[in-house]
Structure formats: C-alpha cells, structure tokens
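Got the viewer open? Let's take a short walk through this one, one selection at a time.

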Amino acid sequence: MILLIEPDIAVRKKLSDLLSKERIIGIDSMQQTLEMICKFKNNLNVIIADIHRLREIISKRVVFKLCEKLHIDAPPIVGVYKNSDVKIKEEFAKNNTGYKLLKYDEKDCSFPEQYIKIMKEVYPQVHADVEKAREIWLEKRENDDLVDIRKWIEEEGFLETPDKTKISKSEAKVNVCKPKTKKQEKNYEKMYFELKHKYDELLEYVKELADSV
C-alpha cells in the first residue's frame, strides 16, 4: 500500500494513475498522514510526499515518533518537487541525505520511467507496468495540450465562446428537446465556416511566427 501526500488533486491523480495496479491512498495534510499510519500500520510500504510535506515530516519528526509508539518501522519516503520548488529541494537535499527526490514535470516524457525506477528502489515489490504508465502519461499530456491550445485560442479572440449567463433554463430546455430547423442548420453551417476561417488565420499566424524565429 502507498500513501500519497499531495495537496494538488490533479497531480495526485496523475501520480496514482501511473501505478494503477497498486492500492494508493491520496491525502493532503499531516493530520491525515498520522491517521493513515495509525490505521494501516505495517501495511504501508512507502510514502510519496510533495517536498513541502516531506520537509514538514522531517523537521517535526512526528511520523517517526508515531511509528516508534506503534512499534513499527517507518516506511521509506520519496519526495516529489515541481519547477517552482527547486530552491526548496536544493536546501532540503543539502540538509538531509538518504531521501529519493523526483522532479514532477508534466512535459517530461521520461517521467513515468523515472517515477517507477525510484519506486522500485525503495519498494522492490511494487506492481508497475512501465509501458502502460508511459501510455497513460502521454495520453494525458495530449489531452492537457488540447485544452491549453483551445484556451489560448479563446483568449486571443480566434474563437468566440457563448455567454452562458444569457441562456435561460427554459431556453436550454427548448434547445435540447426541440428538433433543429433548417434555419438552425444554416446557422451551424455559418458558424462552422466562420470558425474554419479563424482557424486558418491562426495557422497562418503560427506559421509566420515560426518563420520569424
């Protein structure tokens, strides 16, 4: 069993998905950490903690003291840090040795291999499939990239988004239940060509931008 301490729910889910064959408990606070240690005791194989929680665990020593009280061995701890945490990581590594630290970077295609490699070093019995993890990681990256591109297109004015506040519940109900008229179909066709025109403009803009670099 793995205890994953990470306040960012999205990051927590991505780290869990890469080890889909393992039972992982995701939490975000020191209080929950202590509760889970008391609850599962010897069943905890490893703790994964973001660098902020790891620093708190080491400095306060509460986790280690609790394990002593319970007469169990403290599980190995893997620290995860992000780009914004580099200075904290360097300071931590300078003052604390013997801890595996992993940089979480969503743009790094090799992250699944690094992640699983470190997990096997501290927890050799870990159930992990590198190929499956890589596939999941790349798929999520592509989905995230599509969302980011669409958001950028909207912000740049290439794609107009409807004002949802102007659509009443009754109008929404009518739109769902009422069959499309020929006029509506023409409006959709017009919207399609307008969007296509803006998309073509965007491609041309991107091409010019790439050529100028």
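Start by selecting Lys65, Glu68 and Lys69: these exposed residues sit on the face of helix α4 that is turned away from its buried side. Keep in mind as you click around that this is a predicted model.

Now flip to the other side. Which residues of α4 (residues 62-70) are buried? Pick Val63, Phe64, Leu66 and Cys67. Around the helix axis they cover an arc of only 160 degrees, so they end up on the same side of α4. To see what covers them, show α2, α3 (51-60) and β4, which are among the elements doing that job. Before leaving the helix, step just past its end to His71, where phi is positive, at about 60 degrees.

Next stop, the sheet. Colour the strands and read across: β2-β1-β3-β4-β5, five strands in an open sheet with parallel pairing. Which strands stand at the edges? Those are β2 (24-27) and β5 (100-103); each has a single partner strand, so one side of each has no neighbour in the sheet. Going from one strand to the next, the twist averages 20 degrees.

Zoom in on β4 (residues 77-81) and its partner β5: four bridges join them in the parallel sense. For a handy landmark, select Val78 and look across to Lys100 in β5, which stands opposite.

Last selection: helix α2 (residues 30-40), which packs on the sheet and touches β1 (2-5) and β2. Compare directions here, since α2 makes about 155 degrees with β2.

Key. Residues numbered from 1 in each chain as written. Predicted model: local features only at pLDDT ≥ 70, side-chain atom pairs only at ≥ 80, totals over all residues. Heavy atoms only, no water. Pairing = 2+ DSSP bridges. Helix = DSSP H or I, 4+ residues; strand = E, 2+ residues; numbered from the N terminus. Axes fitted to C-alpha atoms, helices over the stretch in contact; angles between N-to-C directions. Contact = heavy atoms within 4.5 Å. Buried < 20%, exposed > 50% of the residue type's maximum accessible area, 1.4 Å probe, protein only. Arc of directions from axis to C-beta.
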